[in-house]
Amino acid sequence: NLYKIKEGKGKFCSKNCFTQWQIKFAKYDEESPNWKGGLTYLSKKIRATSKYISWKKLVLKRDDFQCVFCQSMERIEVDHIKPFFKIIQENEITTVRDSVLCKELFDINNGRTLCHICHVITPTYAIMTG
């Protein structure tokens, strides 16, 4: 089976193959022809990558698509136990390419499935750096 990336945009043998292509050849930030002067925050760009989306799916699957605190299956979200922003800071991630290479950011053992209510009451909910 070939892993299709957006119709007409290319085919890769696997998600791993696509990720390796992204690391080596994809254009990020100012290099991209779609660059608009930094209008999109880095965290939003990282969360849109196939690697981040795959990480979320793995965490959800491991946790049986239910909140690890209350077992609810309503409004589930994936949370980094060690905060996303802290990993970005400590690993000095300044580009999407840096993030794709950061193993800590995509460690499923640092992820958990929470319902929105349980997520909001965590001490690190929505904490971001300036």
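Select Tyr52 and Trp55 as the starting point: both residues are buried. The model on display is a predicted one, and the tour moves outward from these two side chains.

**Stop 1: the Tyr52–Trp55 pair**

Keep both residues displayed and colour helix 3, residues 50–62, which contains Tyr52 as well as Trp55. The two are 3 residues apart, about one turn of the helix. As a rule, an α-helix has 3.6 residues a turn, so residues three or four places apart point the same way.

Now display the rings. A pair of aromatic rings is described by the distance of the centres and the angle of the planes. The chain holds 3 aromatic pairs in the count. For Tyr52 and Trp55, the ring centres lie 5.4 Å apart and the planes meet at 40 degrees; the pair is therefore classed as tilted, since tilted covers angles that are neither under 30 degrees nor over 60.

**Stop 2: from Tyr52 to Phe106**

Add Phe106 to the selection. Tyr52 and Phe106 form an edge-to-face aromatic pair, with 6.5 Å from centre to centre and 75 degrees between the planes. Which parts of the chain does this pair link? Tyr52 belongs to helix 3, while Phe106 sits in the loop between helix 5 (96–101) and strand 4 (111–115), and 54 residues separate them.

Both partners are covered. Tyr52 has a relative accessibility of 5% and therefore counts as buried, as buried means under 20%. Phe106 is likewise buried, at a relative accessible area of 11%.

**Stop 3: the aromatic cluster and Arg47**

Extend the selection to Phe84. Tyr52, Trp55, Phe84 and Phe106 make up one aromatic cluster. Next, show Arg47, which lies over the face of Phe84 at 3.9 Å from the ring centre.

With Tyr52 at the centre of the view, display its surroundings. Setting aside neighbours within four places in sequence, Tyr52 is in contact with Ile46, Arg47, His80, Phe84 and Phe106.

**Stop 4: the nonpolar core**

In soluble globular proteins, nonpolar side chains tend to be buried together. Select Ile46, Tyr52, Trp55, Phe84, Ile88, Ile93 and Leu105: these have the most contacts inside the largest nonpolar core, a set of 13 residues. Helix 3 and helix 4 (84–90) each supply at least two residues of this core. Helix 3 gives the most, with 4 residues.

**Stop 5: along helix 3**

Display the whole of helix 3. Its buried residues are Ser50, Tyr52, Trp55, Val59 and Leu60. How does the span of helix 3 agree with what its 13 residues should give? At 1.5 Å a residue the expected span is 18 Å, and the end C-alpha atoms are indeed 18 Å apart.

From Ser50, draw a distance to Phe18. Their C-alpha atoms are separated by 8.7 Å, although the residues are 32 positions apart along the chain. Phe18 is part of helix 1 (residues 15–25). Is Phe18 buried or exposed? Its relative accessibility is 8%, so Phe18 counts as buried.

**Stop 6: the loop after helix 3**

Select Asp64, just after helix 3. Asp64 lies in the loop between helix 3 and strand 3 (76–80). Its phi is near 55 degrees, a positive value in a residue other than glycine.

Arg75 is placed in the loop between helix 3 and strand 3. Arg75 also has a positive phi, about 50 degrees, although it is not a glycine. With a relative accessible area of 58%, Arg75 is exposed.

**Stop 7: Ile76 in strand 3**

Move to Ile76, which lies in strand 3. Ile76 counts as partly exposed, at 29% relative accessibility. Not counting residues up to four places away in sequence, Ile76 touches Leu60, Phe65, Gln66, Cys67, Thr113, Leu114 and Cys115. For one of these, Gln66, the C-alpha atom is separated from that of Ile76 by 6.7 Å, with their positions 10 residues apart along the chain.

**Stop 8: the whole chain**

Finally, return to the full view. The protein chain has 6 helices and 4 strands, in the sequence pattern β-β-α-α-α-β-α-α-β-α. Of its 130 residues, 35% count as buried. Among contacts with a separation of 6 or more, 63% involve residues 24 or more positions apart. Switch on the surface: the accessible area comes to about 8800 Å², of which 55% belongs to carbon and sulfur atoms.

Note on methods
Residues are numbered from 1 along each chain as its sequence is written. This is a predicted model: local features need pLDDT of at least 70, side-chain atom pairs count only at pLDDT 80 or more; totals for chains, interfaces and linings use all residues. Side-chain values use heavy atoms; hydrogens and water are left out. Buried means under 20% relative accessible area, exposed over 50%, partly exposed in between (1.4 Å probe, protein chains only). Contact means heavy atoms within 4.5 Å. Accessible areas come from the Shrake-Rupley method with a 1.4 Å probe; for residues, only the protein chains shown count as cover. Rings of Phe, Tyr and Trp (its six-membered ring) pair if their centres lie within 6.5 Å; planes under 30 degrees apart count as stacked, over 60 as edge-to-face and the rest as tilted. A charge sits over a ring if NZ of Lys or CZ of Arg is within 6 Å of the ring centre and within 35 degrees of the ring normal. The expected span of a helix is 1.5 Å times one less than its number of residues. A nonpolar core is a set of buried Ala, Val, Leu, Ile, Met, Phe, Trp, Tyr and Cys residues joined through side-chain atoms within 4.5 Å.
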